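Open the model in your viewer and keep the selection box at hand. This tour goes stop by stop: what to select, then what is there.

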Amino acid sequence: MSDPIVLWNAHRRASTVVDDAGITIKRYVLAPPSLRAPSTRRVLDTVHCGTVPPLALFCIVALAPYTDQLHALGAPRIPYRDLLLPEVLNDPRVWVTIAQVMYPAPVHSHDIDLSLSDTHLPLLQQIPSAPNFTLISLLSLPGCTHVSDDTVSELRRLNTLIALDLRATHLTTYGVTVLSRGLSLTRDDSGLHKKAGPWGLRILSLHGCAKVTDTVLPVLKTFPLLSAIGK
């Protein structure tokens, strides 16, 4: 990534006020909304100079809002040809749609940087990992001053996380507990179990986290696949 990941700390931006009834109210400042990707419809509207967008472009754009359902189509995929406009790939839904229905992936779209506050992230998190597609699976934040017990909860939304490097951060044993609380198992309307959180976490590095003590060991056991710990 070219830009560092900055985790929003709402507690540092909190203020306390007392209303007319004498009730103390704590107000938090929420993170600013992420920058929205350019609308694919707008991209199509800017095509001019005699260029006619290929049919494949319209098909991909039409499928993009339903990208979380494309895995149900199965393995068959269609060969990729350089028919799409690069601007369209700024929309993460389009990028994920291409990764699921076309092969091989174009060189300029092997990966995409996606903010944790991106409005499309909850939709993309519903897509199961496959050999040709996965959301972030390796995250390295050594020495990141923004990682603390107050902000680590933001990482719980990374359902596909496999390796996490939090060396030399301000994390404490309680922060690891907060991360483990992101593991949840619910039952949907059809009776099927639905997992949320980093259930697939296998590697966790806490080297240099002075406030993480041996009392963290029972907490680490809640990650069923965790097999390597750096401390």
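Is P92 buried or exposed? Select P92 and look around it. P92 is buried, because its relative accessible area is 4%, and a residue counts as buried under 20%. Keep in mind throughout that this is a predicted model.

**Stop 1: helix α3**

Widen the selection to residues 92-101. That stretch is helix α3, and P92 belongs to it. The helix is mostly covered, with 9 of its 10 residues buried. Colour the buried ones: P92, V94, W95, V96, T97, I98, A99, Q100 and V101.

Now add L121 to the view. Along the sequence, 29 residues separate P92 and L121. In space, their C-alpha atoms are 8.7 Å apart.

**Stop 2: the hairpin of β1 and β2**

Go to residues 15-18 and 24-27. These are strands β1 and β2, which run antiparallel and are joined by 4 bridges. Pick S15, then find R27 opposite it in β2. Between the two strands of this hairpin lie 5 residues. Select G22 there: its phi is positive, near 80°.

**Stop 3: the hairpin of β7 and β8**

Next, select 184-187 for β7 and 193-196 for β8. This pair also runs antiparallel, with 4 bridges between the strands. Click S184 and look for A196, its bridge partner in β8. Then click R187, whose bridge partner in β8 is H193. The hairpin has 5 residues between its strands. In the turn, G191 shows a positive phi of about 90°.

**Stop 4: a pocket beside this hairpin's residues**

Stay with β8 and bring up the pocket surface. Which residues lie nearest the centre of the second largest pocket? They are Q125, Q126, N159, K195 and A196, out of 18 that line it. The elements giving two or more residues to the lining are α4 (121-124), β7 and β8. Among these, β8 gives the most, with 3 residues.

Colour the lining by residue type. You should find 5 nonpolar, 9 polar and 4 charged residues. The space inside this pocket comes to about 400 Å³.

**Stop 5: the parallel sheet**

Now show the strands as ribbons. In what order do the 4 strands of the open sheet stand? The order is β5-β6-β9-β10, and the pairing is parallel. Select 138-140 for β5 and 228-230 for β10. Both stand at the edges with a single partner strand each, so one side of each is left without a neighbour in the sheet. From one strand to the next, the twist averages 5°.

Zoom in on β9, residues 203-205. Its parallel pairing with β10 runs over 3 bridges. Pick L204 and trace across to I229, its bridge partner in β10.

**Stop 6: two loop residues**

Select G200, in the loop between β8 and β9. G200 counts as buried because its relative accessibility is 18%. Add L226 to the selection. The two residues are 26 apart along the chain, yet their C-alpha atoms are separated by 7.7 Å.

Then move to A168. Find it in the loop between β6 (163-165) and α5 (173-180). What is the phi of A168 near? It is near 55°, a positive value in a residue other than glycine. Most residues other than glycine have a negative phi. A168 is partly exposed, with a relative accessible area of 46%.

**Stop 7: the cysteines**

For the last stop, select C59 and C144. Which of the two, C59 or C144, is buried? C144 counts as buried, because its relative accessibility is 14%. C59 counts as partly exposed, because its relative accessibility is 40%.

How many disulfides does a search of the whole structure find? The search finds 0. A disulfide is a covalent bond between the sulfur atoms of two cysteines.

How values were computed. Residues are numbered from 1 along each chain as its sequence is written. This is a predicted model: local features need pLDDT of at least 70, side-chain atom pairs count only at pLDDT 80 or more; totals for chains, interfaces and linings use all residues. Side-chain values use heavy atoms; hydrogens and water are left out. A disulfide is a pair of cysteine sulfur atoms within 2.5 Å. Buried means under 20% relative accessible area, exposed over 50%, partly exposed in between (1.4 Å probe, protein chains only). Two strands pair if DSSP finds at least two bridges between them. Axes are lines fitted to C-alpha atoms, for helices over the stretch in contact, and angles run from 0 to 180 degrees between N-to-C directions. On a 1 Å grid over the protein atoms alone, a cavity is a set of points where a 1.4 Å probe fits but cannot get out, and a pocket is an open set with protein on both sides within 12 Å along at least five of seven lines; lining residues have an atom within 4 Å of a point. Grid points are joined across faces, edges and corners, and a volume is the space filled by probe spheres set on the points. Ala, Val, Leu, Ile, Met, Phe, Trp, Tyr, Cys and Pro count as nonpolar, Asp, Glu, Lys and Arg as charged, and the others, Gly among them, as polar.
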